[in-house]
Amino acid sequence: GLGTVFELMPVAGGAWTEKIIYVFGATGGYLPLAGLIIDKAGNLYGTTFFGGTYGDGTAFELSPEVGGNWNLTTLQNFNISGDSGAYLYGGLILDSKGNLYGTTFRGGSSDEGTVFELSRAGSGAWREKVLYSFSNSGYQPHAGVISDAAGNLYGTTYGGGTGNSGTVFELKH
């Protein structure tokens, strides 16, 4: 009941076969609410709403192994106690340099959510950078972001704006 990652494969006659490639457990992140993305090497990237070191969600990578198994690596443990953000409804996007971008529903400097970037440090570990902390003018994004060719990020918020009905935002690169 904590979530799975699966693959659907077509079979003869138009039917599909499901293969479970990862089952989330109580010790790591769990409750993935968004879709996954894939890089050129076949690694999958996603987010979880709960779990991880602080219980506030994770960003993860699933890497294929020889023999058909998949290895999970937690890239970021989100923490509402601080500026990193917490509770991820939306998925991630990947830029041409291999950086990942996403949003958190809560946390940040006003506890109204964040837009973040994950990039590889020199050691190969991942480093989080909060690009924006939401406030009363627009807050609590429920979806991830998209980008344009110039690297600008676009998204929506649940609250704020005229009539407190949410906003559409742009973050310039």
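Contact here means heavy atoms within 4.5 Å. The model is predicted, so that local features need pLDDT of at least 70 and side-chain atom pairs count only at pLDDT 80 or more, whereas totals for chains, interfaces and linings use all residues. Residues are numbered from 1 along each chain as its sequence is written, and side-chain values use heavy atoms, with hydrogens and water left out.

**View 1. Surroundings of L92 in the largest nonpolar core.** Leaving aside residues up to four places away in sequence, L92 touches I37, Y45, G46, T47, A59, L100, Y101, G102 and F116. The largest nonpolar core (buried Ala, Val, Leu, Ile, Met, Phe, Trp, Tyr and Cys residues joined through side-chain atoms within 4.5 Å) has ten residues, including L92, Y45, F78 and W126. Apart from it lies another core, of nine residues, among them I93, F134, Y139 and F169.

**View 2. D39 in the loop between β4 (37-38) and β5 (44-48).** Strands are DSSP runs of E with at least two residues, numbered from the N terminus. D39 is buried (under 20% relative accessible area, 1.4 Å probe, protein chains only), and its side chain reaches the backbone nitrogen of N43 at 2.9 Å. The side chain of D39 also makes a polar contact (N or O atoms within 3.5 Å, one able to donate a hydrogen and the other to accept it; residues adjacent in sequence count only if both atoms are side-chain atoms) with the side chain of Y45, at 3.0 Å.

**View 3. N79 in the loop between β8 (70-77) and β9 (93-94).** N79 counts as buried because its relative accessibility is 17%. A polar atom of the N79 side chain lies 2.9 Å from the backbone nitrogen of S81.

Note on methods
Helix = DSSP H or I, 4+ residues; strand = E, 2+ residues; numbered from the N terminus. Buried < 20%, exposed > 50% of the residue type's maximum accessible area, 1.4 Å probe, protein only.
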